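New to this one? Here is a short, informal tour, with the structure to look at as you read.

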Amino acid sequence: MTDTVKPLATSATATGGVDALMADGGIVRIRVVRPDDRPALQAMYERGDADGLRMRFFALATEATIAAELDRLCRQPDDSGGAVLAELAGTVVGVASFALLNGPGRHAEFAVFVDDAHRGRGIGTLLLEHLTVFARSAGIDELTGMVLADNGSMMRVARGLSGRVVAHVTEDALDVGLPTADDVAAIDAMDERERHAEQASLRPLLRPRSVAVVGAGRAAGGVGHEALRGLQEYGYTGTLYAVNPQAVEVAGIPAYPSLGAVPGPVDLVVVAVPAPGVAGVIADAAAIGARAAVILSAGFSETGSGGRVQQAALVDVGRKHGIRIVGPNCIGILNTDPAVRLNASFTPGLPLAGGLAVASQSGAVGIALLDHAARAACGISTFVSLGNKADVSGNDLIAYWFDDPRTTAVALYLESFGNPRKFARIARALARRKPVLAVKSGRSAAGRRAGASHTAAAAAPDATVDALFAQAGVIRVDDLGELLDAARVLTDQPLPGGRRLAVLGNAGGFNVMAADAAAGGFLAVSAPSADLRDRMRDLIPDAAAVDNPLDLGAAATPAGFAAAARALAASGEVDALLFVVAATRSNDVPAILAAIAPIVDAQPGLAAAAVVVGVPDPPPVLGSRRMPVYDLPEQAVRALDHAARYAAWRREPLGRRPELTGIDTERARAAVGRGLAAHDGWQPYAITAEILRAYGVPLLGSTVVTDEDSAAVAARLAGYPVAVKSADPALVHKTEVGGVHLSLADDAAVRAAYRAVTAAGDPARGALVQPMVARGVELVAGIVHDPLFGSLVMAGLGGVQTDLFDDRVLRLVPMTDLDAGRMWRALHAAPLLTGFRGSRPANTDAVEDLLLRLGRLAEDLPEVAELDLNPVVAGPDGVVAVDAKLRLLAVGVEPDPVLRGLRHP
């Protein structure tokens, strides 16, 4: 054997198991095999038919064959392989394993077996997905396996995992290879499988054929009673049951003493009983085969540790029996589809049907959002109040809405992330086809992370969320009003084809306010061409100003508005059109609106909105295109700006994984291992330099010295002038505390500088002696690792200006080849890199290469908790990091951004 396998230690699969969705929406638990699993595994093999066992063992399976297999599986994980199994309601229904192979490379042989009764449900695929991650964490590069040529199901599984069929080994068998490294095609295929499984899993929740409300009291005002009435009055199209042991009917709906007494099958159970009784209801729901539950009851995780334990127990029962749970402590769910008409909630009003899907962690926020959507005639497709988010999360719903034909945009109110790394990936996939808007609470400075580096200080929680949303294409808004304003454009209007906004109105002041609102944003209120200006003069000779904004004057007529709108729409100079209509005693606002609506309807590619003032009850929308009407110009411009930014993001390529040369991952990992073995925390310069150089990060040559004499010698070798700096990596703001002395010209100056800089930090760390570098643009770059979000790369204006101007940008890993260019271009100081006021341009290709190398380092080495390069000097000939500090920290169990699995309760 060439090497040994490092046992998996940090995966959730190893530390208790992961619940995952099968292809049909059922729930199975995947976990590492334990020695005490032998009886359950043996029972599974004994249930197998002869053909299934032949596919696994390539021959007639004997007792000895199975016993040897059980011996191998149940001693894992050890130095030769590993195994994972699938449990369904406590019964083992599948197993997958790998065993290290002799020979060059890091290869292992895999094997899979699935219970005959559960084939075709996607269990084999799930097992291999988890086994691949297991093997990768153990250092395996590829899993290989022999598959009989007539084993069509196994071949389909392998091809679905982007497996490669190498060749016919014999006439009857083929060799299949499964690389363990992340592969774009494999991840895309996994995401598609997950979306289909989520849709199957959530269909009984959002499109149930029958609903039972448990705890439906006879008295009006109770939560259960009102939920039942909501279903009844909204016209639910399926079969509806009430469960109340004290009644024979509730609100005209037949009532039954328990779920077990309900005469027909139940897809969805709505639970509205006191918290102590909820566990019994979920057990009853499992007994009758229900597939979904909405728990309106409060008194769980929001009450403290005892409530969290009770909540986890509910989810455990649900997972074992394939029940998806919304809540607890929620206000319910809605689906406005005429074929369903589901109002399993106790919200006070009813929404209009439309294209906006909504998920809210807060019930009160959800009620407010639905109320304002109804007032603004913004139609809703589905609404889910997530409550405590014990099971169903925003990630689940994003996967469901991906292919929902009735959903044209998605709105999220989030207070927390369960798996933000996964959110970033699946939200980006959704945002490439449908707008995703989000309000994320927790912007305040009270939630900022304390950091001992500029990178950590920059990566405050809110800035991290901003980076996540920006990369995923999620439209982040500040409040619910802004969310609804933007949603009204994004659900019914075409996306703007560019940035050009034309303002057409009869109120000069409001026109100017609209132009001011656009200034500094993405939209541009550009002057019209001379030809368009001349045409407008001919069409509207009485206009107050033939420009952009176009002011028709207070006495503007419907015909004047229509003529100007028609000319602007046909000009080819406008991507979005804003009407500003102010009522006066001498004009007819309804007639003006009636005149412009058909013109907008006739322009299916032109985004448009209107502002109407001075009318008691203006219509919320105009025309068949449902052009939104706003109260104020700032609202309308901000909404159009969001739409234009989003459209521009959609037009941009996503980029690909960069190809980087000169990276020695093994060398870096060895240095990380040595650093952590000595101590976690800030590392000595030697470890820091070793890691950076292994990734090709350009680092200025430095010599670590521990006394004045060696400092002078190092200075002479480097060549005067030199810099002397404290080598204490924990020292922050070295310049301010006297930890840096620059442009030293002789031995005496170096000796004095050594005494000063070592006194500023830990004297035992000594000092660094460096040659002075040529002048250039000073940048800062770095890495910070967040256990929940993963690693982020930071770039900004560096040196002493870092904290003064706070000009920084963040990106989460993995980074694409286009992300680095977008990072430096997003800086306010970007002109300094491109030749500001006649200066020589910096080598921006080198800047991008540095950022991409940091991204790969962060991706490969999550143990790098903080890395700060400041300053990084960028000049015409390239970049060099002048100072570097790095902190290492062992990594615990963290969310996997790719692997399929439901949220842990």
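Tyr-256 is partly exposed in this predicted model, since its relative accessible area is 21%. Its ring partner, Tyr-241, counts as buried at 9% relative accessibility. The structure holds eight aromatic pairs, and these two tyrosines make up one of them: the ring centres sit 6.0 Å apart and the planes meet at 70 degrees, so the pair is edge-to-face. Tyr-241 belongs to strand β10 (residues 239-243) and Tyr-256 to strand β12 (residues 253-256), so the pair ties together parts that are 15 residues apart in sequence.

Another edge-to-face pair brings together Phe-417 and Phe-789. This pair links distant parts of the chain, 372 residues apart: Phe-417 comes from the loop between β20 and α12 (420-431), while Phe-789 comes from the loop between β34 (777-786) and β35 (790-797). Both count as buried, Phe-417 at 12% relative accessibility and Phe-789 at 10%. Ring pairs also draw in Phe-423 and Phe-469, giving a cluster with Phe-417 and Phe-789.

Here are the two pairs side by side:

| Pair | Centre to centre | Angle between planes |
|---|---|---|
| Tyr-241 and Tyr-256 | 6.0 Å | 70 degrees |
| Phe-417 and Phe-789 | 5.6 Å | 75 degrees |

Next up, a strand with partners. Strand β18 (residues 353-360) is mostly covered, with six of its eight residues buried. What does β18 pair with? One partner is strand β19 (residues 380-385), in the parallel sense over five bridges, and here Leu-356 stands opposite Ile-380. Another is strand β20 (residues 409-414), again parallel and over five bridges, with Ala-357 opposite Val-410. Add helix α10 (residues 363-375), and β18, α10 and β19 make a right-handed β-α-β unit.

Elsewhere there's an open sheet of four strands, in the order β30-β33-β31-β32, and its pairing is antiparallel. The edge strands, β30 (703-705) and β32 (740-744), each pair on one side only. On average, neighbouring strands of this sheet are turned by 25 degrees against each other, direction ignored. Three bridges join β30 to β33 (residues 767-771), and Val-705 has Ala-767 as its bridge partner in β33.

How confident is the prediction? The mean pLDDT of the protein is 90, and 93% of the residues reach 70 or more. Over residues 1-12, though, the pLDDT is below 50, and this stretch has 36 contacts in the model beyond near neighbours in sequence. Residues 445-451 also stay under 50, with twelve contacts beyond four places in sequence.

Technical notes. Residues numbered from 1 in each chain as written. Predicted model: local features only at pLDDT ≥ 70, side-chain atom pairs only at ≥ 80, totals over all residues. Heavy atoms only, no water. Pairing = 2+ DSSP bridges. Helix = DSSP H or I, 4+ residues; strand = E, 2+ residues; numbered from the N terminus. Axes fitted to C-alpha atoms, helices over the stretch in contact; angles between N-to-C directions. pLDDT = per-residue confidence, 0-100. Contact = heavy atoms within 4.5 Å. Buried < 20%, exposed > 50% of the residue type's maximum accessible area, 1.4 Å probe, protein only. Right-handed = clockwise from strand over helix to strand, strands pointing away. Phe/Tyr/Trp six-rings, centres within 6.5 Å; stacked < 30°, edge-to-face > 60°.
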